[in-house]
Amino acid sequence: MTTPQTAKLIMTTSPLAVGSNADFNLVQVMSEWRNVRHIAITEPSGKLVGIVSARDMLEHLSQADASHFIPISKLIKRATVSATPETPLTELANLMKQNNIGCVPIEENDKLVGMVSERDFLKLW
């Protein structure tokens with residue numbers, strides 16, 4: 001019997017993460033600079049607070065009264081789904097499909113250690 005491939009195989013090990021007090025403008029610039037679509041919001045301890053996606057930022061900017069200087073915490077989508085580095089890739093793909101999300105934060109010992117996005121699955125080919 002073969003060992004299933006796990007999140008550790010394809011996860012991004014240094015995902016873009018910012019504190020919840022970072023302002024929107026800074027996060028937007030950083031995400032463009034790093035060419036990422038999902039930004040982890042963490043506590044100083046490294047514990048995951050939530051995720052902000054490029055779509056969340058675009059939705060914010062589409063509002064007439066949008067400010068570039070609001071705390072990113074105003075846009076946080078609470079991270080209700082996460083996995084560990086040992087989570088099988090099939091389970092990860094199912095989590096993404098069932099929850100209609102484009103990434104899954106990877107946590108170990110209550111700290112963010114990586115992120116798996118749809119793009120990361122392309123590493124398998």
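A salt bridge is a side-chain nitrogen of Lys or Arg within 4 Å of a carboxyl oxygen of Asp or Glu. In the predicted model analysed here, the side chains of Lys 47 and Asp 110 satisfy this criterion, with a distance of 3.3 Å from N to O. Lys 47 is located in the loop between strand E2 (38–42) and strand E3 (48–53), and Asp 110 in the loop between strand E5 (103–108) and strand E6 (111–117), so the salt bridge ties together parts that are 63 residues apart in sequence. Both partners are partly exposed: the relative accessibility is 30% for Lys 47 and 45% for Asp 110.

Across the whole structure, four salt bridges were found. One of them joins the side chains of Glu 86 and Lys 8, at 2.8 Å from N to O. This pair links distant parts of the chain, since Glu 86 belongs to the loop between strand E4 (77–78) and helix H4 (89–99), whereas Lys 8 belongs to helix H1 (residues 7–10), 78 residues apart. Glu 86 is partly exposed, with a relative accessible area of 47%, and Lys 8 is also partly exposed, at 48%. A further salt bridge is formed by Asp 120 and Lys 123, whose closest N and O atoms are 3.3 Å apart. Asp 120 has a relative accessible area of 7% and is therefore buried, the limit being under 20%.

The loop residue Lys 47 also appears in the surroundings of Thr 42, a residue of strand E2. Beyond its neighbours within four places in sequence, Thr 42 is in contact with Ala 17, Val 18, Gly 19, Ser 20, Lys 47, Leu 48, Val 49 and Leu 112. For Val 18, the separation from Thr 42 is 24 residues in sequence, while the two C-alpha atoms are 6.1 Å apart in space. Thr 42 counts as buried, at 12% relative accessibility.

Strands E5 and E6, which flank the loop of Asp 110, run antiparallel and are joined by six bridges. Within this pairing, Val 104 has Val 116 in E6 as its bridge partner. The two strands form a hairpin with two residues between them, and Asn 109 in the turn has a positive phi of about 55 degrees. Five of the six residues of E5 are buried, so this strand is largely enclosed by the rest of the structure. In a regular strand, side chains alternate between the two faces of the sheet.

A second buried acidic residue is Asp 56, which is found in helix H3 (residues 54–61). The relative accessible area of Asp 56 is 10%. A polar atom of the Asp 56 side chain lies 2.8 Å from the backbone nitrogen of Ser 53. When neighbours within four places in sequence are set aside, Asp 56 is in contact with Ile 51, Leu 75 and Lys 77.

At the surface, Leu 9, Leu 122, Leu 124 and Trp 125 form a nonpolar patch with about 510 Å² of accessible area together. Among these residues, Leu 124 is located in the segment after E6. Leu 124 has a relative accessibility of 33% and thus counts as partly exposed; residues of a patch must have over 30% relative accessible area.

How values were computed
Residues numbered from 1 in each chain as written. Predicted model: local features only at pLDDT ≥ 70, side-chain atom pairs only at ≥ 80, totals over all residues. Heavy atoms only, no water. Helix = DSSP H or I, 4+ residues; strand = E, 2+ residues; numbered from the N terminus. Buried < 20%, exposed > 50% of the residue type's maximum accessible area, 1.4 Å probe, protein only. Contact = heavy atoms within 4.5 Å. Patch = residues over 30% accessible without salt bridge, like charges linked within 9 Å, V, L, I, M, F, W, Y side chains within 5 Å. Areas by Shrake-Rupley, 256 points an atom, 1.4 Å probe, with all protein chains shown as cover. Pairing = 2+ DSSP bridges. Polar contact = N/O pair within 3.5 Å; in protein donor to acceptor, adjacent residues only side chain to side chain.
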